[in-house]
Amino acid sequence: MSAWFKRTDKGIQTATEDKKDTPKGLWYKTPSGKIIDTEELKKNLYVSPEDGYHVRIGSKEYFELFFDDNTFKELNKNLTSRDPLKFEDTQKYPDRLKEAQVKTKLKDAVRTAVGKSLGKKLVVAAMDFTFIGGSMGSVVGEKIARAINYAIEHKIPFLMVSKSGGARMMEASLSLMQLVKTSAKLAQLAEAKIPYISLCTDPTTGGTTASYAMLGDINIAEPNALIAFAGPRVVKDTTGKELPEGFQRSEFVLEHGFLDAIYERKDLKKQVNLYIDLIQNLPIRK
């Protein structure tokens with residue numbers, strides 16, 4: 001058999017990602033098996049036109065979505081976590097943080113900003129699931145608290161975009177205290193009569209659901225988002241029962257009274273601002 005079939009010559013191998021006929025990341029496959037061009041997906045706000053599947057996006061994309069001309073001022077952007085508990089599992093917590101920061105180019109799992117949305121100022125806090133599973137540690141709680149302070153001080157409505165796996169175990173009880181802290185701040189926001197809209201995206205779980213994600217004047221969600229305290233697998237293992245179809249997805253949660261509405265991504269900006277105008281009894285912006 002010739003050397004060609006035996007592939008003894010190693011000099012003609014091409015790494016898959018270097019093959020020009022299939023550039024990396026050209027196609028996206030949704031869970032239902034629909035395939036879409038990634039450029040088309042981006043133009044469609046990362047929603048598959050084939051089946052309406054909402055691909056997970058982060059703070060960068062939500063800021064683009066809500067702020068006019070993607071113009072905003074980021075708040076407290078350099079806050080980073082410390083390691084008061086000297087936590088170590090498979091790696092030291094500071095190393096894990098550094099790795100996440102390099103990989104995601106983010107400082108932590110939430111970004112907060114102020115800018116104009118449909119011509120009026122809005123404070124937005126948007127979480128990033130890519131940063132240690134969107135876990136809520138001291139920095140997440142502090143940045144949300146400071147964003148609420150900013151909203152109170154400047155009398156600007158507040159929007160929270162939740163996307164989280166829950167409390168960050170590496171910060172233990174300090175992480176759990178963020179539930180109390182953010183909830184207390186939201187109570188102050190309510191006392192100041194400033195609107196708060198909570199948007200739950202896939203996934204919104206754990207301590208996030210048990211605090212700020214469910215405390216909005218209006219609680220809304222994207223379609224088919226997982227919204228839960230404990231995830232379906234944990235519930236199933238604990239109860240030993242089969243779960244109903246669509247259990248803990250936004251449609252199921254809406255049906256059982258925990259959400260006010262579900263909106264597709266393309267309608268979010270209009271609907272959030274409509275609620276703000278209605279709550280403040282102001283003329284509705286077009």
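**Views of a predicted protein chain**

**Figure 1. Contacts across the predicted chain.** In the protein chain, 67% of the contacts with a separation of 6 or more join residues that lie 24 or more positions apart. Keep in mind, as you look around, that this is a predicted model. Nine helices and nine strands make up the secondary structure listed for the protein chain. Measuring along the principal axes, a box of roughly 85 × 50 × 45 Å holds the C-alpha atoms.

**Figure 2. Surface and charge of the protein chain.** Of the 286 residues in the protein chain, 43% are buried. The chain exposes about 15,800 Å², and 54% of that area comes from carbon and sulfur atoms. If you are curious about charge, there are 44 positive and 37 negative charges, and their mean positions sit 4 Å apart.

**Figure 3. Helix 4 from end to end.** Helix 4 covers residues 93-104. At 1.5 Å a residue, its 12 residues should span 16 Å, and the end C-alpha atoms are indeed 16 Å apart, so the expected and modelled spans agree. Follow the chain just past helix 4 and you meet Lys105, which takes a positive phi of about 60°.

**Figure 4. The two sides of helix 4.** Which residues of helix 4 are buried? They are Tyr93, Arg96, Leu97, Ala100 and Thr104. Looking down the axis of helix 4, these buried residues fall within an arc of 100°, and therefore they line one face of the helix. Turn to the other side of helix 4 and you will find Lys98 and Val102, both exposed.

Terms used. Residues numbered from 1 in each chain as written. Predicted model: local features only at pLDDT ≥ 70, side-chain atom pairs only at ≥ 80, totals over all residues. Heavy atoms only, no water. Helix = DSSP H or I, 4+ residues; strand = E, 2+ residues; numbered from the N terminus. Expected span 1.5 Å × (residues − 1). Buried < 20%, exposed > 50% of the residue type's maximum accessible area, 1.4 Å probe, protein only. Arc of directions from axis to C-beta. Contact = heavy atoms within 4.5 Å. Areas by Shrake-Rupley, 256 points an atom, 1.4 Å probe, with all protein chains shown as cover. Lys, Arg positive; Asp, Glu negative; His and termini not counted. Charge placed at Lys NZ, Arg CZ, Asp CG, Glu CD.
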